[in-house]
Amino acid sequence: MNTLAQTFQAPPANIIKSSVHRDLVVVAVVTLLTFVLSSLLELNEWIEALTVPHERYQIDELPLTILAMAVALAWFSWRRSRQAVEQVTLRLAAQQALMDSEEQYRTLFMENLSGNLLATTTGQVKLANPMAARLLGFGTAGELNGHKLGEFYAESDLWETHRDRLLRGDKIELPMLQLRNRDGVPVQVVAKLSARLSPSREPELHVYVTDITEVTLMQSELAGALEENRRLSQRSMQVQEEERRNLARELHDELGQSLNAIKVDAVTIRDNSVALPEIHRGALSIIEVSSQVYDVVRSLMQRLRPVALDELGLRSAVQYSVEQWQRRHAGVRCTFSADGELDDLDEHTNITLYRLVQECLTNVAKHADATKVTVSMTRVANEIRFSFSDNGKGFDPSQRRRGLGLVGLRERVEALAGHFELDSAPGRGVQVKAVIPAKAKK
């Protein structure tokens with residue numbers, strides 16, 4: 001092909017130009033020889049002697065007419081030759097363009113990173129590129145010719161379905177198609193199939209496939225790793241909640257009882273030291289301090305492990321938590337609503353929903369500057385829908401670095417196979433939504 005291209009690229013004008021010069025030289029030589037011969041043989045006098053007797057027929061005008069005809073024929077020949085040169089030039093240019101187009105098509109077809117196949121309407125491969133051959137387990141593209149496309153389908157019935165659709169004029173695009181190479185090894189591909197007419201006006205099938213086997217394998221491994229991380233996260237949260245429960249119990253059993261004992265002893269000292277003012281004042285101070293410490297301990301126990309959650313259930317525990325928060329933040333109007341059965345959920349679902357409310361209210365107190373907060377929980381069929389919103393200053397989730405609290409909320413929800421959404425913008429408050437599968441107590 002390169003040799004032909006070099007031949008066609010040579011400018012035809014040079015060849016034509018040299019041919020014209022040669023022809024002009026021949027014409028000049030013939031003209032000169034004619035003049036010499038006519039002079040030697042006195043042809044003009046001989047012709048005149050022949051035509052004079054027939055002058056009444058204007059035969060003597062014949063030489064000039066023949067000369068005019070010769071000049072006209074010469075001009076006609078020159079025009080025809082010029083048109084022929086133009087046509088030849090155009091044909092050569094068109095042929096060169098066709099060769100360039102074929103070379104470009106061949107390069108695109110053969111060097112494409114996707115597998116390309118042309119097949120008859122029965123599915124017999126006529127042409128394939130090297131990538132298609134490698135994808136289907138062949139050494140060269142030529143080895144693939146003659147094989148049926150249905151041989152490489154993992155489901156033979158699916159090929160017949162695709163073929164019928166293609167013959168009806170449909171185009172098929174598949175995000176994933178299961179194939180098998182010549183050795184029977186599964187191959188995952190993205191495929192596009194279509195039917196069209198070949199340059200010879202015969203119907204043929206075009207198949208484009210891209211190997212995604214490694215991508216699919218990586219996705220599977222990634223999904224497994226994510227599932228493993230989710231289980232580890234859930235287990236970590238379970239351990240954390242167990243530690244919180246144990247710590248709350250220790251605070252209640254040890255520190256709580258010790259504080260009560262100190263307070264009882266201080267009350268006894270107070271009652272028996274009326275005559276001793278200094279001891280009486282000391283006893284009163286001990287009672288006051290022990291009461292304050294006990295309140296702090298009770299608050300810590302409530303945050304570590306809400307007793308109401310175990311004793312009263314989720315709805316009452318959240319209601320109590322919201323009321324306690326409202327007392328500490330009187331400038332914010334907090335509304336809580338709950339619909340459906342919420343008191344028969346398992347331990348993990350209960351504590352996750354409770355922590356959602358707790359963390360959202362904590363963020364409002366720390367960052368939001370809000371005046372209105374709404375919290376709702378609704379059970380619909382086999383899922384719990386949680387919703388939180390405030391009218392605070394909000395933030396841009398894509399710009400601001402989110403704290404560990406929000407990350408922890410997402411992990412808690414996703415660990416239970418739930419869905420978590422956070423929506424916020426500067427000046428537009430914060431909206432948190434979560435959907436968690438409802439699991440009953442075991």
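The chain contains 12 helices and 10 strands, as assigned in a predicted model. Of its 442 residues, 29% are buried. The accessible surface of the chain amounts to about 28,600 Å², and carbon and sulfur atoms account for 57% of that area. As for the contacts within the chain, those between residues at least 6 apart in sequence may be considered: 57% of them join residues at least 24 apart.

From these totals one may turn to the aromatic side chains. Two aromatic pairs are counted in the model. One of them is formed by phenylalanine 138 and phenylalanine 152, whose ring centres are 6.0 Å apart, with an angle of 80° between the planes. This geometry is classed as edge-to-face because the angle is over 60 degrees. Phenylalanine 138 lies in the loop between helix H5 (130-135) and helix H6 (156-167), and phenylalanine 152 is likewise placed in the loop between H5 and H6. The two residues are 14 apart in the sequence, and their pair links distant parts of the chain. Both phenylalanine 138 and phenylalanine 152 are buried.

Tyrosine 153 and tryptophan 159 form an aromatic pair as well, with a distance of 5.6 Å from centre to centre and 55° between the planes. An angle of 55° falls between the limits of 30 and 60 degrees, and the pair is therefore described as tilted. Tyrosine 153 and tryptophan 159 are both buried.

Note on methods. Residues numbered from 1 in each chain as written. Predicted model: local features only at pLDDT ≥ 70, side-chain atom pairs only at ≥ 80, totals over all residues. Heavy atoms only, no water. Helix = DSSP H or I, 4+ residues; strand = E, 2+ residues; numbered from the N terminus. Buried < 20%, exposed > 50% of the residue type's maximum accessible area, 1.4 Å probe, protein only. Contact = heavy atoms within 4.5 Å. Areas by Shrake-Rupley, 256 points an atom, 1.4 Å probe, with all protein chains shown as cover. Phe/Tyr/Trp six-rings, centres within 6.5 Å; stacked < 30°, edge-to-face > 60°.
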